[in-house]
Amino acid sequence: MNDLIQQYAKRLKLSWIREHYHEVNARNHEEYLLKLFEQEIAQREKRKINLLLKSATLPNKYGKTFDWKDIELGQGITQTDLLDGKFIERKENLIFYGGVGVGKTYLSTLIGLNVIRKYGMRVKFYTVASLVNQLLEANEKGLLNKFFKQIEKLDLLILDELGYIPLHKQGAELLFQVISLCYEQKSIIVTTNLQFGQWNHIFGDPILTEAVVDRLIHHSRLILFKGESHRLRESVSNRY
C-alpha cells in the first residue's frame with residue numbers, strides 16, 4: 001500500500017505528500033486530506049519563491065535596516081508604496097539619483113526581495129555594463145530574440161549603475177531596445193549618479209539619449225538620494 005501511495009504521488013508530482021503523508025495526524029479523512037494539500041501547496045510556493053530569488057540575481061545586501069533619512073521621495077509616494085511594489089501595478093519606473101554609496105542599489109534590492117517574497121513577482125537585476133555585455137553576446141550568437149523574451153516575462157527590471165561606464169554604439173542601441181520593450185509594459189528601476197542632461201555621455205548620441213530619457217521618465221518617479229556615501233562613512237568610522 002505504501003509503495004502504491006508513493007508511486008501515485010510521484011506520478012501526480014506531489015513531492016511533499018510522497019515523502020510525508022505518513023507523518024500527518026488528523027481527526028478524520030477530510031482533515032487529513034486538507035492538511036496534505038495545505039502542506040503540498042506551501043512547499044510548492046516555497047520552491048517557487050526560491051527559484052524566483054535565484055533567477056533574480058539580486059546582490060547579497062540582506063540583513064541591514066535601510067536608512068531613509070536622506071531620501072527624498074516626492075509627493076504621492078511613500079516608503080510602503082516602494083517596498084510593496086505599488087508602482088509595478090501602475091507600470092511606473094523609478095529613477096534613483098544620487099552619489100556613489102548612498103543606498104541606491106540597496107533600496108532597489110530590498111524592493112526586489114519584497115515583491116518576490118510577498119507577491120511572487122518576476123524580477124531581474126543587472127548592472128548596466130553586465131546587461132549590455134550579455135546583449136552583445138546574445139546578438140553575436142543569434143539569440144537576441146530569446147533574450148528579449150526573457151525580459152518580456154519580467155514584472156520588474158532593475159538596471160544598476162547607469163552612468164559609470166560609457167557605452168559603445170551597438171551596446172547603447174541594444175540597451176535602448178530593452179528599455180523600449182519594457183515601455184508601458186513593465187517597470188524599471190534605474191540607479192544613476194548622473195543627471196538626465198549628462199546621459200549623452202553614456203549613450204554618445206543626442207537623439208538616442210533623448211529617446212531613452214523620454215521612455216524612462218514617462219510614467220516615472222524620481223527618488224533623490226542626498227546623503228554622503230555610507231561605505232565612506234563606515235570606512236572612516238572604523239579607523240578611529
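## Helix H6 and its surroundings

Right after helix H6 comes glycine 120, with a positive phi near 65°. Helices and strands here are DSSP runs, numbered from the N terminus, with helices (H or I) having at least four residues and strands (E) at least two. This is a predicted model, in which local features need pLDDT of at least 70 and side-chain atom pairs count only at pLDDT 80 or more, while totals for chains, interfaces and linings use all residues. Residues are numbered from 1 along each chain as its sequence is written, and side-chain values use heavy atoms, with hydrogens and water left out.

H6 itself runs over residues 104-119, and its 16 residues reach 22 Å from the first C-alpha to the last. That is close to the 22 Å expected at 1.5 Å a residue, where the expected span is 1.5 Å times one less than the number of residues. The helix is mostly covered, with 12 of its 16 residues buried; buried means under 20% relative accessible area, exposed over 50%, and partly exposed in between (1.4 Å probe, protein chains only). Among the buried residues of H6 are Lys104, Thr105, Tyr106, Gly112, Val115 and Ile116.

## The annotated domain

UniProt, in an unreviewed entry, carries the annotation "domain: AAA+ ATPase" for residues 90-224. Positions from UniProt are given in the numbering used here, feature names are shortened, and annotations may be inferred rather than shown by experiment. In the model, this span is 50% helix and 21% strand, and its end C-alpha atoms lie 20 Å apart.

## Two nonpolar cores

In soluble globular proteins, nonpolar side chains tend to be buried together. A nonpolar core is taken here as a set of buried Ala, Val, Leu, Ile, Met, Phe, Trp, Tyr and Cys residues joined through side-chain atoms within 4.5 Å. The largest such core has 34 residues, and Leu157, Leu159, Leu175, Trp199 and Phe203 have the most contacts inside it. Several elements each supply at least two residues of this core, including helix H7 (128-140), helix H8 (144-152), strand E4 (156-162), strand E5 (187-192) and helix H11 (206-217). Helix H9 gives the most to this core, with seven residues.

Leucine 159 is a good place to look around. Leaving out residues up to four places away in sequence, leucine 159 touches Tyr126, Val128, Leu131, Leu175, Ile179, Ile188, Ile189, Val190 and Thr191, where contact means heavy atoms within 4.5 Å. Apart from the largest core lies another, of 30 residues, with Leu82, Phe96, Val123 and Ile189 among them.

## Asparagine 93 in strand E2

Asparagine 93 sits in strand E2 (residues 93-98) and is buried, with a relative accessible area of 6%. Its contacts, not counting residues up to four places away in sequence, are Lys186, Ser187, Ile188, Arg215, Leu216, His218, His219, Ser220 and Arg221.

Two of these partners meet the asparagine 93 side chain through their backbones. A polar atom of that side chain lies 2.9 Å from the backbone nitrogen of isoleucine 188, and the backbone oxygen of leucine 216 lies 3.1 Å from a polar atom of the asparagine 93 side chain. From asparagine 93 to serine 108, 15 residues away in sequence, the C-alpha to C-alpha distance is 12 Å.

## Salt bridges

The whole structure holds 12 salt bridges, each being a side-chain nitrogen of Lys or Arg within 4 Å of a carboxyl oxygen of Asp or Glu. Lysine 118 pairs with aspartate 84, with the closest N and O atoms 2.8 Å apart. This pair links distant parts of the chain, 34 residues apart: lysine 118 is in helix H6, and aspartate 84 is in the loop between helix H4 (79-83) and helix H5 (86-89). Aspartate 84 counts as buried, at 14% relative accessibility. Arginine 122 and aspartate 155 form another bridge, with their closest N and O atoms 3.6 Å apart. Arginine 122 is partly exposed at 41%, and aspartate 155 is partly exposed too, at 22%.

In helix H3, arginine 44 and glutamate 40 meet at 3.4 Å, N to O. The two are four residues apart in that helix, so about one helical turn separates them. Arginine 44 is partly exposed, at 37%, whereas glutamate 40 is buried, at 3%. Finally, Arg27, Glu31 and Lys35 are linked in a network of salt bridges.

Terms used
Polar contact = N/O pair within 3.5 Å; in protein donor to acceptor, adjacent residues only side chain to side chain.
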